[in-house]
Amino acid sequence: MQTQMTIGKKLMLCAGAMLAVTLVLGFTSLRSISRLNTALTTATNETAAKLESSSEMNTLAADMLAAQRGMIICAFAKSPEGVREANELLDQSADRWDRVLAEIKPMVRTEEGRRAANELEEQGRLWRAVGAELRRAAETLDGELALKIGRDKGLPVYEASVRSASRLREIQNQNLREARAEGESLGSASRWTAFIALGLSIGLGALVLLIVRQISRALQRAAGELGESSEQVASAAQQVSASSQALAQGASEQAASIEETSASTEELTSMTRKNAENSRMAAEEMIESSRLVSEANRKLEQMVASMR
């Protein structure tokens, strides 16, 4: 047997569907906002910080190269104080190199970026080793030996450091472009998701409106039918009332007729009793007459007999 949904079930179903669409829209919006926030944070904080740090690596490499050249010049100038000051500048730049690299490495996400960071870390150790060797040569004020160490060992380390830092900066630029593209993609997906959810909400709202209109029409028809039924019931009630009054009047008339019939029956009964009494008395008279006739006949026979 096919069952029909009640008005309450239809309204509950529509309300549940609207609530579900609203929850889905809210959830997708929050998720998209969270992903956009993550992408934005990555682009503005991590990537920007890595770009700044990779640029600083080039500056530090140039500072260490300048410090090495300072030690070579001071060695030619026979200036131990200048050698010491240039070595302090080299040590400070090397320490800063290690700190900046320690900040960059946790933020590197790609394998290529990690390789570049490892190369920079190795080049930092080479900077210290070459600097120590150059310092020893410069402290002896042997300018030729210091120049040879700087040209054969220090300059290749600088060039390798610049290449690694430039490659790391290019990797971070690529990551920034990818993050920007991901943000744009997330924004587009969020807009489409919002449009689809909005379309679903509008469609569901139209469906709810249609169902409510159908329910309203059904209620109007039911109210009209109830009104017609009420009129029919009122008419039937009037007819029943009239029939009841006619029946009551007929019952009264029948009761009166029954009373008249009862009185006539009593009179008839009385007359019948009288007739019966008269009949009895007539029968007695007849019997008495018959006896008298018989007696007269007997006496007549006796008289005729005596006359013979």
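The largest nonpolar core in this predicted model has 33 residues. Inside that core, the residues with the most contacts are M57, M71, W97, L120 and W127. Four elements each give two or more residues to the core: α1 (7–76), α2 (80–104), α3 and α4. Of these, α1 gives the most, with 10 residues.

**Looking inside: M71 and S93**

- Let's start with M71, which is among the core residues with the most contacts.
- If you skip residues up to four places away in sequence, M71 touches V83, A86, N87 and L90, and also G131, L134, R135 and A138.
- Now hop over to S93, which you'll find in helix α2.
- Is S93 buried or exposed? S93 has a relative accessible area of 4%, so it counts as buried, the cut-off being under 20%.
- Which residues does S93 meet, once its neighbours within four places in sequence are left aside? The contacts of S93 are L60, D63 and M64.

**Checking a helix: α3**

- Helix α3 covers residues 111–139, which makes 29 residues.
- How far should α3 span at 1.5 Å a residue? The expected span is 42 Å, and the end C-alpha atoms of α3 are 42 Å apart, so the two values agree.

**Loops with a twist: K78 and L141**

- K78 sits in the loop between α1 and α2.
- The phi of K78 is positive, near 60 degrees, even though K78 is a residue other than glycine.
- K78 counts as exposed because its relative accessibility is 52%, and the cut-off for exposed is over 50%.
- Further along, L141 belongs to the loop between α3 and α4, and it comes just after α3.
- L141 isn't a glycine either, yet it has a positive phi of about 60 degrees.

**Out on the surface: the W192 patch**

- Which residues form a nonpolar patch on the surface? They are W192, F195, I196 and L200.
- Together, these four have about 490 Å² of accessible area.
- Where does W192 sit? Its place is in helix α4, which runs over residues 143–307.
- W192 has a relative accessible area of 56%, so it is exposed.
- Put W192 beside S93 and you have both ends of the story: W192 is exposed at 56%, whereas S93 is buried at 4%.

Terms used
Residues numbered from 1 in each chain as written. Predicted model: local features only at pLDDT ≥ 70, side-chain atom pairs only at ≥ 80, totals over all residues. Heavy atoms only, no water. Expected span 1.5 Å × (residues − 1). Patch = residues over 30% accessible without salt bridge, like charges linked within 9 Å, V, L, I, M, F, W, Y side chains within 5 Å. Areas by Shrake-Rupley, 256 points an atom, 1.4 Å probe, with all protein chains shown as cover. Salt bridge = Lys/Arg side-chain N within 4 Å of Asp/Glu carboxyl O. Buried < 20%, exposed > 50% of the residue type's maximum accessible area, 1.4 Å probe, protein only. Core = buried A, V, L, I, M, F, W, Y, C linked by side-chain atoms within 4.5 Å. Contact = heavy atoms within 4.5 Å.
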